[in-house]
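Please open the model in your viewer and keep the sequence panel beside it. The tour below moves from one selection to the next and says what is found at each stop.

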Amino acid sequence: MKIKKLLTGLEKKYVVNTFLSPIAMIGEVVMEVIIPFIMAKIIDVGIANSDLPFVTKYGLIMIGLAIVSLVCGILGTVFSTYAAQGFAYNLRKRLFDKIQSFSFANIDKFSSASLITRLTTDVNMTQNVYRMLIHMCVRSPFMMIAGTIMAFRINSKMAILFLIAIPVIAIGIITFSSLAYPRFEKMMKKFDVMNGAIQENLIGIRIVKAYVRAAFEEDKFEKAAADVKKAQVHAEKVIIFMMPLMQLVMYVAMIAVMWFGGRQVIAGTMLSGQLISFFTYVSQVLMSMMMLGMVFVSLVMVQASNHRILEVLDEVPDIANPENPVKNVKDGSITFENVNFSYNKKEDNCILRNINLNIPSGAVVGIIGGTGSSKTSLVSLVPRLYDVYSGSVKLGGEDVRNYDLKVLRDSVAMVLQKNVLFSGTIRENLLWGNENATDEQITAACKAADADSFVNSFPDGYQTELGQGGVNVSGGQKQRLCIARALLKNPKVLILDDSTSAVDTATETRIRTALRDIAPDTTKIIIAQRISSVKEADMIIVMDDGVISGIGKHDELLANNEIYREVFESQQQGSGDADLEGGE
């Protein structure tokens with residue numbers, strides 16, 4: 001069942017190669033089994049009778065069989081490699097597509113570092129074992145059966161000697177494999193931790209350098225890498241001890257064959273050619289047994305990776321389209337009705353409680369609150385990045401859970417606290433908002449976000465290449481590009497989550513003014529740290545520890561809301577533009 005799940009969606013050409021590889025391997029085995037038989041004929045008949053034509057004839061046949069065996073071996077390797085590469089490609093694509101369907105809650109469950117490990121290390125291990133399976137799991141059993149039959153045809157009594165070795169090797173393989181699985185599972189978890197440390201360090205490399213924490217990060221990585229090494233050595237010790245045991249059993253069996261076979265040759269009850277071919281068959285059978293053992297061990301090792309891959313493939317997205325989704329958002333009006341929300345879906349751990357709110361379409365709404373007041377959590381419910389625990393959130397008069405997800409999220413543009421740009425040109429990043437946007441629309445959006453002037457200051461303008469994450473633009477420039485990208489969606493609702501914190505107040509004022517002009521019918525929700533950012537809003541919401549402390553205009557809240565008044569006064573004392581503590 002697990003293999004079937006992993007193979008789902010494999011393209012026909014890779015399926016064909018999967019079957020062609022074992023067929024080619026069977027051809028190789030047939031040739032390798034016939035060659036010792038021909039060799040025995042040459043020794044016992046041709047050489048014994050000094051018959052040169054016989055030796056020449058059968059020698060040429062052996063060369064022909066060896067060439068056919070070589071060709072079959074090459075084809076089997078080519079087919080298995082191509083099939084394994086296709087298998088890995090298909091599996092990675094399925095994993096990536098599945099991750100794209102995850103909600104934030106699903107991603108939080110696995111962690112980004114773990115998902116990266118599953119897409120890379122785990123898939124690589126599965127790919128290698130898949131190749132080994134289609135390459136060896138037909139060749140080795142077929143060789144064992146054919147070699148055993150030929151050995152029994154030559155000397156059935158001596159064949160029993162090496163058959164005794166087979167159950168000994170099998171018991172050893174099963175015992176060591178049962179010990180290996182939990183150790184390799186633990187090793188993969190250590191890989192997750194190490195990848196998490198690498199990812200965190202690379203993303204925050206500027207902070208690391210700014211705070212001169214390179215030595216600390218090196219120590220942290222060294223510990224994570226050491227844990228991986230320790231877990232890897234602990235796991236592979238089992239395999240290290242297994243191989244000498246298998247080889248010992250194999251060599252003992254070969255020595256026994258040579259001893260008893262040599263005595264029979266001296267006694268005249270067995271021919272020299274027969275002993276040589278018998279010894280070759282014994283070597284083939286025992287070597288095939290060892291190869292099967294390695295395949296079995298690899299299967300045990302890869303079980304941990306398979307389990308981790310299937311965890312992702314079997315994960316049910318926390319948020320999915322309804323059966324008959326609504327395909328049109330009427331307007332930008334937003335209604336919260338008795339909303340409670342919990343990240344872990346537990347009633348006693350709700351971070352938003354009893355939220356009731358009505359926002360008319362086209363309104364400008366400000367949200368103010370301290371750290372941990374759940375401002376971002378509140379607005380994340382509108383585009384359905386998370387689902388409510390109880391109650392409902394409505395957009396355009398319809399519960400957001402009834403909308404087609406693409407339609408809903410195309411109607412809600414959200415500029416998050418962490419502004420993310422991708423590798424590519426500035427223009428390509430802006431087209432994320434609307435892939436069909438014209439140059440005029442792009443320019444208009446950038447002017448509204450106060451980004452056009454600095455973009456045109458670059459030698460390549462909108463064709464300027466951005467580094468990964470937009471590392472070659474400043475924080476304020478990155479924020480303005482993200483706002484422009486959101487505006488290109490022409491959304492019903494625009495959410496700015498502390499997205500002007502890196503620009504000066506004059507620039508922020510120009511952006512607010514432009515937003516009113518370019519998108520008068522769009523509902524605008526502005527989460528801010530500064531009172532000046534929301535002072536002129538049609539409605540200001542004051543959040544406090546997951547509940548709404550007050551709703552009103554600036555003057556009303558100054559008169560009636562103690563939290564808002566304290567924030568305003570503290571910022572006035574700080575030259576009128578002090579920052580309120582940022583929050584989620």
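**A sheet and its neighbours**

Begin by selecting strand β1 (residues 334–341) and strand β4 (residues 390–395), which pair in the antiparallel sense over five bridges. Strands, like helices, are DSSP runs numbered from the N terminus, with at least two residues (E) for a strand and at least four (H or I) for a helix, and two strands count as paired if DSSP finds at least two bridges between them. This is a predicted model, in which local features need pLDDT of at least 70 and side-chain atom pairs count only at pLDDT 80 or more, whereas totals for chains, interfaces and linings use all residues. Residues are numbered from 1 along each chain as its sequence is written, and side-chain values use heavy atoms, with hydrogens and water left out.

Within this pair of strands, show F336, which stands opposite V393 in β4. Now add β2, which is joined to β1 by five bridges and runs antiparallel to it; here F341 has L352 in β2 as its bridge partner. Which order do the four strands of the open sheet follow? The order is β2-β1-β4-β5, with antiparallel pairing, and the edge strands, each pairing on one side only, are β2 (352–359) and β5 (398–399).

Colour β1 by accessibility next, and you will find that six of its eight residues are buried, so that the strand is mostly covered. Buried means under 20% relative accessible area, exposed means over 50%, and partly exposed lies in between, with a 1.4 Å probe and protein chains only.

**Two asparagines with positive phi**

Most residues other than glycine have a negative phi. Select N338, which is found in strand β1 and has a positive phi near 50 degrees. Then select N354 in strand β2, which also is not a glycine and has a positive phi of about 50 degrees; N354 counts as exposed, at 58% relative accessibility.

**From β5 into α13**

Move to D399 and R401, which form a salt bridge whose closest N and O atoms are 2.9 Å apart. The term salt bridge stands for a side-chain nitrogen of Lys or Arg within 4 Å of a carboxyl oxygen of Asp or Glu, and the structure holds 17 of them. Is D399 buried or exposed? With a relative accessibility of 13%, D399 counts as buried, whereas R401, at 29%, counts as partly exposed.

A little further along, select D404 in the loop between β5 and α13 (405–411). D404 is buried, with a relative accessible area of 10%, and, leaving aside residues up to four places away in sequence, it touches N321, P325, V326 and K327; contact here means heavy atoms within 4.5 Å.

In helix α13 itself, show D410 and K406, which lie four residues apart, about one turn of the helix. An α-helix has 3.6 residues a turn, so residues three or four places apart point the same way. The side chains of D410 and K406 meet in a salt bridge of 2.9 Å, N to O; D410 is partly exposed at 37%, while K406 is exposed at 59%.

**Helix α15 and the loop after it**

Select helix α15 (residues 439–448), whose buried residues are I442, A445, C446 and A448. Seen down the axis of α15, these buried residues fall within an arc of 160 degrees, so they line one face of the helix; the arc is that of the directions from the helix axis to the C-beta atoms. On the other side of α15, E440 and K447 are exposed. Now show what covers the buried residues, which includes α14 (426–430), α16 (452–456), α17 (475–487) and α18 (505–518).

After α15 comes D450, which has a positive phi near 60 degrees. D450 forms a salt bridge with R480, the closest N and O atoms being 3.7 Å apart. Because D450 lies in the loop between α15 and α16 and R480 lies in helix α17, the pair ties together parts that are 30 residues apart in sequence. D450 is buried, with a relative accessible area of 15%, and R480 also counts as buried, at 14%. As a last selection, show E28, E32 and R139, which are joined into one network by salt bridges that share partners.
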